[in-house]
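The report below describes the fold, the nonpolar core and one charged residue of the chain shown here.

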Amino acid sequence: MNRILGSSMLTLLFYILFLDSAAGLKCYRCTVAPTARLNQTMLCAKFDESSFFAVDCPFSTMCMKKIFRLRLMNGEEIETVTRDCAQQKRTEEVYRNGRWEKENSIEEAYQEGCQTTEEDKNSKSTTIFCHCRGSLCNSAPKEHLGTYHVDAMAVILVFNIMKYFQYIE
């Protein structure tokens with residue numbers, strides 16, 4: 001009985017862990033100010049890692065987070081954050097079967113990790129672009145985005161569950 005229950009739970013666990021990854025990449029999306037493009041106000045100032053901010057990214061293999069910092073004359077620093085799917089979609093016009101058609105492709109234009117760009121020494125502004133792979137990986141509060149993979153975490157979890165079931169038998 002325990003063996004059947006254990007294998008059923010393992011099957012359910014695999015289903016839950018890998019079903020979401022088969023559905024495609026999801027990233028968090030939020031902006032500094034409301035935009036006309038979004039139906040709802042998804043402000044990063046109210047970002048809480050809830051499903052409200054999660055969006056499907058059919059034309060991306062990575063998530064993106066942009067941090068903009070500006071040092072004011074009084075020494076105070078202002079920081080804004082934007083989260084979204086990485087812009088990887090490339091659209092070309094292709095002549096096929098006697099007519100022009102749009103053809104979309106996904107370009108691997110970014111490396112995982114963060115890159116800092118100083119806009120201007122005089123204005124003391126800095127922009128940090130972070131790119132990561134894996135669903136909802138762009139939730140980190142600062143510029144460090146973990147490069148661990150969800151798959152490795154799942155393997156460790158499954159290994160420990162299997163060990164547990166062997167122990168209780």
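### Fold, core and contacts

In this predicted model, buried residues, meaning those under 20% relative accessible area with a 1.4 Å probe and protein chains only, make up 28% of the 169 residues in the chain. Its accessible surface, computed by the Shrake-Rupley method with a 1.4 Å probe, comes to about 12,000 Å², and 56% of that belongs to carbon and sulfur atoms.

The chain has two helices and eight strands, taken as DSSP runs (H or I, at least four residues, for helices; E, at least two, for strands) and numbered from the N terminus; the order from that end is α-β-β-β-β-β-β-β-β-α. Among contacts (heavy atoms within 4.5 Å) with a separation of 6 or more, 56% are between residues 24 or more positions apart.

The largest nonpolar core, a set of buried Ala, Val, Leu, Ile, Met, Phe, Trp, Tyr and Cys residues joined through side-chain atoms within 4.5 Å, has 14 residues, of which C27, F53, C57 and C63 touch the most other members. Beyond four places in sequence, C27 touches residues including F53, C57, C63, L136 and N138.

E101 lies in strand 6 (residues 99–106) and, beyond four places in sequence, is in contact with E92, E93, V94 and R96. Its side chain makes the polar contacts tabulated here (pairs of N or O atoms within 3.5 Å, one able to donate a hydrogen and the other to accept it; residues adjacent in sequence count only if both atoms are side-chain atoms).

| Side-chain pair | Distance |
|---|---|
| E101 and R96 | 3.2 Å |
| E101 and R99 | 3.5 Å |

Residues are numbered from 1 along each chain as its sequence is written. Local features need pLDDT of at least 70 and side-chain atom pairs count only at pLDDT 80 or more, whereas totals for chains, interfaces and linings use all residues, and side-chain values use heavy atoms, with hydrogens and water left out.

Conventions. Buried means under 20% relative accessible area, exposed over 50%, partly exposed in between (1.4 Å probe, protein chains only).
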